[in-house]
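Work through the exercises below with the model open. Each task is followed by a stepwise solution.

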Amino acid sequence: MTDSIKSVSVKTFAKMKENQEKISMLTAYDFSTAKYIDESGVDSILVGDSLGMTILGYDTTVKVTIEDMLTFTKAVANGAKRALILADMPFLSYHISKEQTIQNAGKLIQAGANAVKLEGASDFILDEINHLTKSGISVAGHLGFTPQYINTIGGYYVQGKSYENTLKLLENAKKLEENGAFCVILEMVPEESAKYITENISIPTIGIGAGKYCDGQVLVIDDILGKYPGNIPKFVKQYANIKDIIKESAQNYNNDVKQGLFPDKNNTFFLSDEEREKLECNLIKSY
Ligand code: KIV
């Protein structure tokens, strides 16, 4: 199987919505995690700019650069041979000019992504999405809470909490669809609003903190594994506690090294008897 022919494609997403089959998506940022997620049967891997927080330790996603995204997209593409890889276009990488947007999106596709994701639905962003899709680059939209706008939103707030705001979100979702987006991420939106949007657009909605009626779900891998040291949002379901496993393993290793218990003979290479004898004779001679 080549990198470009995946068993999950943007067409599969459309089919899954048509057949009312739920779409699963998880973030990944490195080779081995991507490989395990791919092998688990999850439909899609998002190389999210959440890596700014989970991998690089920033407070927000706004410091993430296109170079960061390229490094981690390449790593994920080496691990995921089946799942559709979606890569985030980071802050300001699609805001300057159409030329720059295409160049940056093209780099992500050449790094192994099958599609890119842009946040928002202003006229400017819609124009960029239109241009990308007409140039043969598949695009996912992202509405509701859009982390790259944290400094204008002012905090981690649920979006679309009123009837009017829900209609506005639906209008934006429709515009994304009209401009060629193949799916839309809905982040931190009340369940009823997300259901209404899902039922009134033709492209799949992928929810994160948007309730059970979306066509699919996405979560951040570090959150479900219990790895991220910061606050875990209410919408996360934690499936493991990797944090404790890492801490305990590191403590045990530390103790073993200090007490001379590691390495033991199972972790060590030895000379053959013949070579050891020669070495021992030489040692004796040299005294
Ligand atoms: O960057 C990311 O991980 C995301 C998800 C929160 C959807 O955009």
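**Exercise 1.** Locate Ser93 and state its surroundings.

Solution. Step 1: Ser93 sits in the loop between β3 and α5. Helices (H or I, at least four residues) and strands (E, at least two) are DSSP runs, numbered from the N terminus. Step 2: the relative accessible area of Ser93 is 6%, so the residue is buried. Buried means under 20% relative accessible area, exposed over 50%, and partly exposed in between, with a 1.4 Å probe and protein chains only. Step 3: leaving out residues up to four places away in sequence, Ser93 touches Gln100, Thr101 and Asn104. A contact means heavy atoms within 4.5 Å.

The model is predicted: local features need pLDDT of at least 70, side-chain atom pairs count only at pLDDT 80 or more, and totals for chains, interfaces and linings use all residues. Residues are numbered from 1 along each chain as its sequence is written, and side-chain values use heavy atoms, with hydrogens and water left out.

**Exercise 2.** Which residues does His131 touch, not counting residues up to four places away in sequence?

Solution. Step 1: place His131 in helix α6. Step 2: its relative accessibility is 31%, so His131 counts as partly exposed. Step 3: the residues touched by His131 are Lys98 and Ile102, with those up to four places away in sequence not counted. Step 4: add a C-alpha distance. His131 and Thr101 are 30 residues apart along the chain, and their C-alpha atoms are separated by 9.0 Å.

**Exercise 3.** Find the salt bridge of Lys98 and say what the pair ties together.

Solution. Step 1: Lys98 pairs with Asp127 in a salt bridge, with the closest N and O atoms 3.1 Å apart. A salt bridge is a side-chain nitrogen of Lys or Arg within 4 Å of a carboxyl oxygen of Asp or Glu. Step 2: Asp127 lies in helix α6 (residues 123–134) and Lys98 in helix α5 (residues 98–110), so the pair ties together parts 29 residues apart in sequence. Step 3: check exposure. Asp127 is partly exposed at 40% relative accessibility. Lys98 is partly exposed at 27%.

**Exercise 4.** Is Asp215, the salt-bridge partner of Lys17, buried or exposed?

Solution. Step 1: Asp215 and Lys17 form a salt bridge whose closest N and O atoms are 2.8 Å apart. Step 2: Asp215 is in the loop between β7 (205–208) and β8 (216–219), and Lys17 is in helix α1 (residues 10–18), so the pair ties together parts 198 residues apart in sequence. Step 3: Asp215 is buried, at 12% relative accessible area. Lys17 is also buried, at 14%.

**Exercise 5.** How far apart are the closest N and O atoms of Arg82 and Asp38?

Solution. Step 1: the salt bridge between Arg82 and Asp38 has its closest N and O atoms 4.0 Å apart. Step 2: Arg82 is in the loop between α4 (66–79) and β3 (84–88), Asp38 is in helix α2 (residues 31–40), and the two are 44 residues apart. Step 3: Asp38 is buried, at 8% relative accessible area.

**Exercise 6.** How many salt bridges does the whole structure hold?

Solution. Step 1: a search of the whole structure finds 12. Step 2: look for a network. Lys168, Glu171 and Lys175 are linked in one. Step 3: set the chain around them. The protein chain has 12 helices and 8 strands. Buried residues make up 45% of its 287 residues.
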